[in-house]
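Here is a walk through one protein chain, from a single helix out to the whole fold. Keep the 3D view open as you read.

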Amino acid sequence: MSVITASSGAMNVPALAAGRALIETRLVWWYFAASLTYMIVAMLAGFLFSLQFLQHYPLAGIELFSPGRWRLVHTNGVAYGFIANAFLGMLHWAVPRLTLRPVRGRGLSYFIFFAWQAVVLATVVGLLTGQAQAVEWGETPTWVDPVALAGLILVAVNFLHPILQVQGPMYVTLWYYVAAFVWTVLVYAMGSFLPEYFVGGAASGAIIGLFIHDLVGLFVTPLGWGMMYYFVPILLKKPVWSHGLSLVGFWGLAFFYPLTGIHHFLYSPIPMFLQYGAVISTIAVELVVTTVIINFFMTLRGRGDALRTNLPIRWFYTGMVFYFTTCLQCAFQATLTFQKIIHFTDWVVGHSHLVMFGVFGFWLLGMMTHLIPRLVGAGGWYRPSWNAWHYWLSTIGMLVMFFDLVIAGLIQGFQWRDLAPWEDSLVASAPFWLTRAVSGTMIIIGQFFFAANVVMTMLRRPVGSGEDSADAAAAAI
Ligand code: HEM
């Protein structure tokens with residue numbers, strides 16, 4: 001496989017100019033608006049659930065609002081409402097530019113937009129009315145699953161159409177996207193139908209483990225890395241350091257990631273050779289990730305000032321540091337030795353937040369920080385300083401939440417190992433759960449800064465035109 005560089009695409013100015021007309025900017029903006037709305041709702045749901053741990057749940061006694069259901073709204077809301085919508089918007093921006101062709105159908109794109117919002121809303125209603133399935137992250141009610149799968153197939157058709165027409169070498173971002181479209185359909189079908197209708201017992205546990213992890217590794221991760229390979233060179237105005245390494249990252253992910261899922265069920269009745277295989281491939285993923293991280297940091301070499309002057313770049317690279325941290329942590333977390341202590345503890349919840357918000361959430365918010373002024377036709381952000389608040393509150397809140405939950409997890413794990421009474425571990429956890437609620441509040445306030453800035457930017461549309469002034473605004477932060 002050979003690749004073309006983002007910069008060679010970016011320098012092809014006439015093609016880019018034509019490409020701009022190929023993009024349904026309004027739809028990209030709609031996806032981002034939907035994504036941000038769900039993000040705030042889902043985060044508030046997480047905060048609501050965190051109050052249950054403090055024995056201050058405000059809606060106790062109302063079945064529809066029972067805390068367990070809000071947990072599912074939180075996790076499904078962030079995955080399918082926030083993250084999926086943001087990626088769909090980003091794909092409508094990036095794929096036509098990279099292929100210089102429109103998506104399969106403009107009408108189809110709008111249809112998918114409305115259908116996807118209907119799927120997410122139906123999921124929320126289904127979860128609140130008690131129709132969840134017992135599949136983590138596949139809790140979507142059974143009647144929603146076929147519709148969601150049909151939607152994912154349409155998404156694949158819509159984007160694969162222009163990609164498969166590309167003649168000659170393909171930029172690495174498109175490799176990741178092609179893989180993501182194929183994998184996501186397969187993963188969703190596997191998790192939503194096999195454990196429900198075809199496989200039982202420990203085998204269904206193994207499949208659910210694969211589903212949970214593949215959803216992160218084969219849907220979110222390739223879209224996320226593909227996005228980084230697209231936006232980082234454009235913002236830094238230089239090519240990726242090594243295309244060879246970008247291929248190592250792609251094929252390493254393709255080879256090792258699908259094998260990791262059973263690390264969610266270590267010490268379970270699933271055959272030990274599968275558990276050992278999952279541990280080894282999890283460690284291998286960390287090695288692969290290291291090559292990708294090296295590639296991006298070498299790309300930054302000589303442009304380190306961008307971390308200070310360009311806010312989207314700062315979001316991206318902070319997310320990369322978190323990515324390395326979370327994968328390193330996982331390489332230990334997935335060993336049988338660590339599992340003896342941390343299984344079922346808050347350590348895992350800390351890990352989940354670091355990867356889902358600290359990495360992919362950060363990348364998506366950075367991408368939106370870059371694109372939204374362009375999408376709404378504004379010359380720059382209404383208040384660049386509010387975006388800086390957004391970044392700092394999210395980063396500090398994320399760090400506090402992560403360390404808080406990791407420490408809580410260790411304390412819980414050691415107490416359980418020493419056979420201390422369960423209540424003792426609850427008492428020991430209380431201050432950590434309070435800290436989680438406080439750090440979550442910081443994160444949520446950060447998102448309100450961003451949401452307010454988006455609304456004001458749209459309403460006020462500061463004078464100035466085009467991408468340069470938006471770049472200048474980003475650079476001023
Ligand atoms: C976009 C940002 C966020 C993402 C992507 C996210 C993601 C997740 C995920 C994946 C889980 C499942 C963890 C697991 O089972 O291992 C989870 C659980 C949870 N999250 Fe979040 N979260 C976010 C923000 C927040 C915020 C702001 C709060 C506020 C305190 C919060 C509170 C919680 C709580 C209380 C749980 C349940 C933990 C448990 O069951 O023990 N989350 N979140």
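**Helix H14 and its surroundings**

Begin with H14. Of its 30 residues, 25 are buried, so H14 is largely enclosed by the rest of the structure. Bear in mind that this is a predicted model. H14 is not straight: a kink of about 35° is centred on Gly361. After the helix comes Gly377, with a positive phi near 75°.

The approach to H14 also deserves a look. Phe344 sits in the loop between helix H13 (336-342) and H14. Its phi is positive, near 70°, and Phe344 is not a glycine. Is Phe344 buried or exposed? Phe344 has 11 other C-beta atoms within 10 Å, so it counts as exposed. The cut-off for exposed is 12 or fewer.

Now pick out one residue inside the helix. His353 belongs to H14. It has 25 C-beta neighbours inside 10 Å and therefore counts as buried. The threshold for buried is 20 or more. Which residues does His353 touch, once those up to four places away in sequence are set aside? They are Gly358, Met401 and Phe402. Leu405 can be placed relative to His353 as well. The two are 52 residues apart in sequence, and their C-alpha atoms are 9.6 Å apart in space.

**Around the ligand**

H14 leads on to the ligand. Which helix gives the most to the shell around the ligand? H14 does, with seven residues. Four helices each supply at least two residues of that shell: H3 (25-53), H4 (67-99), H14 (346-375) and H16 (422-460). There are 23 residues around the ligand, and Gly46, Ser352, Met356, Phe357 and Gly440 come nearest. By character, the shell divides into 13 nonpolar, eight polar and two charged residues. Glycine is counted among the polar ones in this tally.

**Helix H8**

Turn next to H8, which covers residues 201-236. Its 36 residues, at 1.5 Å a residue, should span 52 Å. The end C-alpha atoms are 51 Å apart, so the span agrees with the expected value. Even so, follow the axis through the helix. H8 bends by about 40° at Asp214.

How many of the 36 residues of H8 are buried? The count is 29, so H8 is largely enclosed by the rest of the structure.

Lys237 follows H8. This residue lies in the loop between H8 and helix H9 (243-256). Its phi is positive, near 60°, in a residue other than glycine. Lys237 has 11 other C-beta atoms within 10 Å and is therefore exposed.

**Helix H6**

H6 runs over residues 145-164. What span should its 20 residues give at 1.5 Å a residue? The expected figure is 28 Å, and the end C-alpha atoms are 28 Å apart, which agrees.

The buried residues of H6 are Asp145, Ala148, Leu152, Val155, Asn158 and Phe159. An α-helix has 3.6 residues a turn, so residues three or four places apart point the same way. Keep that in mind when looking along the helix. The buried residues of H6 pack against H4, helix H5 (106-128) and helix H7 (172-198).

Val157 is also in H6. Val157 has 15 other C-beta atoms within 10 Å, so it is partly exposed. How far from Val157 is the C-alpha atom of Gly105? The separation is 9.5 Å, although the two residues are 52 residues apart along the chain.

**The whole chain**

Finally, step back. The chain has 17 helices and zero strands. Its radius of gyration is 22 Å, close to the 23 Å that the globule rule gives for 477 residues, so the chain is as compact as a globular protein of that length. Along its principal axes, the C-alpha trace spans about 70 × 45 × 45 Å.

Buried residues make up 48% of the 477 residues. Contacts tell the other part of the story. Take those with a separation of 6 or more: residues 24 or more positions apart account for 84% of them.

Note on methods
Residues numbered from 1 in each chain as written. Predicted model: local features only at pLDDT ≥ 70, side-chain atom pairs only at ≥ 80, totals over all residues. Expected span 1.5 Å × (residues − 1). Bend = angle between axes of the 7 residues up to and from the residue. Near = placed C-beta within 6 Å. Contact = placed C-beta atoms within 7 Å. Rg over C-alpha atoms; globule rule 2.2 N^0.38 Å.
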